[in-house]
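Visitor: I would like a close look at a single part, followed step by step into whatever surrounds it. Please take your time and explain the terms as they come up.

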Amino acid sequence: MTEGASTALLTDMYELTMLDAALESGRAGRMSVFEAFARRLPGGRRYGVVAGTGRVLEAIEKFHFGTEEIDYLAGIGIVSDTTLEWLANYHFSGDIYGYAEGECYFPHSPILTVTGTFADTCMLETLILSILNHDSAVATAASRMTTSARERPCLEFGARRTHESAAIHAARAAVISGFMGTSDVEAGRTYGLNIAGTSAHSFTLLHESEEEAFAAQIATMGAGTTLLVDTYDIPRGVERAVAAARGAGGELGAVRIDSGDLIAQAFTVRKQLDDLGATTTKITVTSDLDEFSIAALGAAPVDSYGVGTKLVTGSGYPTAEMVYKLVAREGDDGQMHEVAKASSNKKSVGGLKVAGRVRDEKGHSAQELIVSAQSWEDGLAYLDRSGARPLQHKLVSGGEVNQEFVGKEAIAAAAKRHDASRAELPYDGWRLSRGEPAVPTKLVDIFEGDD
């Protein structure tokens with residue numbers, strides 16, 4: 001999608017047909033509350049990470065129906081002329097509250113709450129879910145990987161393993177969860193991320209010898225570069241790499257290993273480097289890493305990790321499984337009423353919800369406290385009485401986006417927020433094994449009149 005292009009058709013047809021029918025029935029103007037949440041954490045994970053909120057807000061700013069969009073809809077005839085006229089003047093004018101990016105979340109956490117007329121709010125369902133589900137899945141996987149890395153830097157190398165646009169957003173999500181940078185140049189330009197990369201095996205194979213390839217790379221990148229040493233024979237590659245850097249008057253920055261038994265190779269290469277006197281030369285490893293293989297490398301003398309396929313695909317769970325449900329709406333009496341889906345295995349909990357996190361005496365997260373209330377003020381007051389840290393922020397007010405939560409600076413703030421949120425988790429929350437959520441959720445209903 002080109003910069004500035006409308007996001008209005010990034011939607012499912014049924015949102016337009018619902019709008020058409022609601023306008024016809026006279027219900028489109030009823031005040032409504034929609035909520036994005038996850039019923040469960042995919043894969044038995046202990047926590048999830050919110051990511052994509054800033055992108056949602058930017059997309060909402062571009063959610064309008066211009067001449068091209070209206071002409072297309074008119075041509076396929078799925079809605080009435082009255083609805084087309086309404087769409088031509090559409091601009092979201094409601095309010096949005098939500099968890100800030102980087103915050104950990106749990107089942108039933110009200111990650112994003114959208115309020116306004118039914119017409120205003122139902123239109124955003126697909127746009128919100130497509131962004132949050134992708135970015136939060138990647139951010140959750142990335143958080144588990146940076147946890148496993150134990151302060152060793154992780155770099156995102158997944159652009160070639162996913163859709164070209166998804167790669168840009170995956171890099172953003174990964175940085176929110178602690179990755180130090182990305183190989184994707186467009187992600188660097190779009191989001192101001194650090195970019196990294198040196199060469200592939202093809203560069204070595206291009207030259208008549210490994211020595212020639214290493215010398216050529218060092219000639220342009222300097223002795224502090226990272227040389228890929230496993231194209232042929234790793235011990236000989238390491239020897240040649242160190243010699244090439246010294247031939248240029250310096251010490252080699254790092255070697256990269258991309259194949260074989262990474263744990264054994266790391267120990268062998270570290271000893272060889274030390275025996276050569278290259279004690280400052282670091283070791284970086286790649287090769288289809290995930291959180292489990294990174295954890296297994298914890299005792300090996302590895303200095304950094306490059307992660308691709310498993311990261312950008314959510315390490316086996318490419319969606320956060322979030323849904324977007326109507327939880328309250330105005331009735332014939334003009335009052336707001338809780339509504340909920342009662343279907344087997346897909347139940348929702350009605351009511352506008354205000355969320356907070358209760359901490360124990362050690363400062364660890366002990367409970368996700370979610371209050372169904374008639375107003376934000378009522379819910380916040382309950383959280384205050386309970387000593388809970390409020391989790392939601394007002395992201396959009398009367399259709400105007402809070403600029404604190406968008407742009408490049410918001411990414412750095414989200415990364416800092418994630419560090420703090422993850423650090424609050426109890427010990428069980430850091431485990432990679434399947435299990436119950438690290439923090440239990442307590443639902444409290446103080447909404448009078450609907451149960």
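Guide: A helix here is a DSSP run of H or I with at least four residues, and helices are numbered from the N terminus. With that in hand, and keeping in mind that this is a predicted model, we can begin with helix α6, which covers residues 125–149. At 1.5 Å a residue its 25 residues should span 36 Å, and because its end C-alpha atoms are 36 Å apart, the two values agree. Most of α6 is covered, since 24 of its 25 residues are buried, where buried means under 20% relative accessible area. Just after α6 comes Arg 150, whose phi is positive, at about 55°.

A little further along the chain we reach strand β6, residues 154–156, which runs parallel to strand β11, residues 304–307, and is joined to it by 3 bridges. In one of these pairings, Cys 154 has Tyr 305 of β11 as its bridge partner. Both strands belong to an open sheet of 6 strands, ordered β7-β6-β11-β10-β9-β8 and paired in parallel. At the edges stand β7 (181–182) and β8 (226–228), each with a single partner strand, so one side of each has no neighbour in the sheet.

Tyr 305 deserves a longer pause, because its contacts lead back toward the helix where we started: leaving aside residues up to four places away in sequence, Tyr 305 touches Ala 149, which lies in α6, and also Arg 152, Pro 153, Cys 154 and Leu 155, among others. Farther along the sequence, its contacts include Thr 284, Val 285, Leu 289 and Ile 294. In the largest nonpolar core, which has 58 residues, Tyr 305 and Val 285 are the two that touch the most other members. The element that gives the most to this core is helix α7, residues 164–176, with 7 residues. Apart from it there is a second, separate core of 51 residues, which includes Phe 63 and Phe 405.

For a contrast with α6, consider helix α10, residues 210–221, where Glu 210, Ala 213, Phe 214, Gln 217 and Ile 218 are buried. Seen down the axis of α10, these buried residues fall within an arc of 125°, so they line one face of the helix. That buried set packs against α9, α11 and the edge strand β8, whereas the face turned away carries the exposed residues Ala 219 and Thr 220. After α10 comes Gly 222, with a positive phi near 90°.

Key
Residues are numbered from 1 along each chain as its sequence is written. This is a predicted model: local features need pLDDT of at least 70, side-chain atom pairs count only at pLDDT 80 or more; totals for chains, interfaces and linings use all residues. Side-chain values use heavy atoms; hydrogens and water are left out. Two strands pair if DSSP finds at least two bridges between them. Helices (H or I, at least four residues) and strands (E, at least two) are DSSP runs, numbered from the N terminus. A nonpolar core is a set of buried Ala, Val, Leu, Ile, Met, Phe, Trp, Tyr and Cys residues joined through side-chain atoms within 4.5 Å. Buried means under 20% relative accessible area, exposed over 50%, partly exposed in between (1.4 Å probe, protein chains only). Contact means heavy atoms within 4.5 Å. The arc is that of the directions from the helix axis to the C-beta atoms. The expected span of a helix is 1.5 Å times one less than its number of residues.
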